[in-house]
Amino acid sequence: MKEIGGNVSGGGNKKISPTRLIVPFPRQRVHNRNMDSMSAQQRSQLMAKIRGKDTKPELIVRRMLHAAGYRYRLHGRISRGTLEELQRENPETRLRGGKLPGTPDIVFPARHRAVFINGCFWHLHDCPAGQHAPATNAQFWADKRKRTRERDGQTIETLRALGWEAIVVWECELRDPKSTLETLAHFLGPPSRAKGIDGA
């Protein structure tokens, strides 16, 4: 609080008694960057609303591949025949829900190829967007993104052990669609002339 005092003279010889004015200072809000403004329940509800599939980058890649003549399966799904073959050859590996480990965004069963389309921030890419660190609740996000990156690496190793190859398309790479398609075509090989899904 700031006090302003003094004699104030009016018109003529009349004097006004000393006056004390109290002027309140505005409160300074202290922001703790390490404190999360949301409760655990609110944070959980927010995270649940984030799309896990059919994201904008996924749709871009799918349209790109389809236009180039490729046919595929989505979200790690494989045919029953492919599933049974994998289980015979790898009895120690559990394939939950008839899907490949890590639930790849796009699958080419006959080629034994899988494509992951990752957001740069969520999967901790090396690009500027991926390396951006949130100011709020920084340690929480750092730990979460680190675990995601480690899990991604483990998933690719598991797929390789099953005889599958995987490639990651990063969100930032879609700024150059031509280059992205060339990379995918090199990874996949030429499109199949047969109608229907590759390897269905």
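# Exercises: salt bridges and helix packing

In this predicted model, the side chains of glutamate 58 and arginine 62 form a salt bridge, with N and O 3.9 Å apart.

**Exercise 1.** Explain how glutamate 58 and arginine 62 are placed along helix α2, and decide whether they are buried or exposed.

*Solution.*
- Step 1. Test the distance. A salt bridge needs nitrogen and oxygen within 4 Å. The pair has 3.9 Å, N to O.
- Step 2. Check the spacing. The two residues lie 4 residues apart in helix α2, so about one helical turn separates them.
- Step 3. Check accessibility. Glutamate 58 and arginine 62 are both buried. Arginine 62 counts as buried because its relative accessibility is 14%, and the cut-off is under 20%.

**Exercise 2.** Find the other partner of arginine 62 and name the resulting network.

*Solution.*
- Step 1. Arginine 62 also bridges to aspartate 54, where the closest N and O atoms are 2.8 Å apart.
- Step 2. Aspartate 54 has a relative accessible area of 27%, so this residue is partly exposed.
- Step 3. Join the pairs. Asp54, Glu58 and Arg62 form a network of salt bridges.

**Exercise 3.** Locate the two ends of the salt bridge between arginine 149 and aspartate 126, and classify their accessibility.

*Solution.*
- Step 1. The closest N and O atoms of this pair are 3.2 Å apart.
- Step 2. Arginine 149 sits in helix α5 (residues 138–161), while aspartate 126 sits in the loop between β5 and α4 (128–131). They are 23 residues apart, and the pair links distant parts of the chain.
- Step 3. Arginine 149, at 39% relative accessible area, is partly exposed. Aspartate 126, at 56%, counts as exposed.
- Step 4. Place the pair in the total: the model has 5 salt bridges.

**Exercise 4.** Describe how helix α2 packs on helix α6, by geometry and by residue class.

*Solution.*
- Step 1. α2 (residues 56–67) and α6 (residues 177–188) meet at about 65°, with axes 11 Å apart. The crossing is right-handed.
- Step 2. List the contact residues. α2 gives Val61, Met64 and Leu65; α6 gives Pro177, Thr180, Leu181, Leu184 and Leu188.
- Step 3. Sort them. The contact has 7 nonpolar, 1 polar and no charged residues.

**Exercise 5.** Trace the largest nonpolar core and the elements that supply it.

*Solution.*
- Step 1. This core has 15 residues. Among those with the most contacts inside it are Val61, Leu65, Val169 and Leu184.
- Step 2. α2, β4, β5, β6 and α6 each supply at least two of its residues.
- Step 3. Follow valine 169. Its contacts include Val61, Val115, Thr180 and Leu184.

Definitions and conventions:
Residues numbered from 1 in each chain as written. Predicted model: local features only at pLDDT ≥ 70, side-chain atom pairs only at ≥ 80, totals over all residues. Heavy atoms only, no water. Axes fitted to C-alpha atoms, helices over the stretch in contact; angles between N-to-C directions. Left-handed = near helix turned anticlockwise from the far one by under 90°. Contact = heavy atoms within 4.5 Å. Nonpolar A, V, L, I, M, F, W, Y, C, P; charged D, E, K, R; others polar. Core = buried A, V, L, I, M, F, W, Y, C linked by side-chain atoms within 4.5 Å. Buried < 20%, exposed > 50% of the residue type's maximum accessible area, 1.4 Å probe, protein only. Lists of a residue's contacts leave out its neighbours within four places in sequence.
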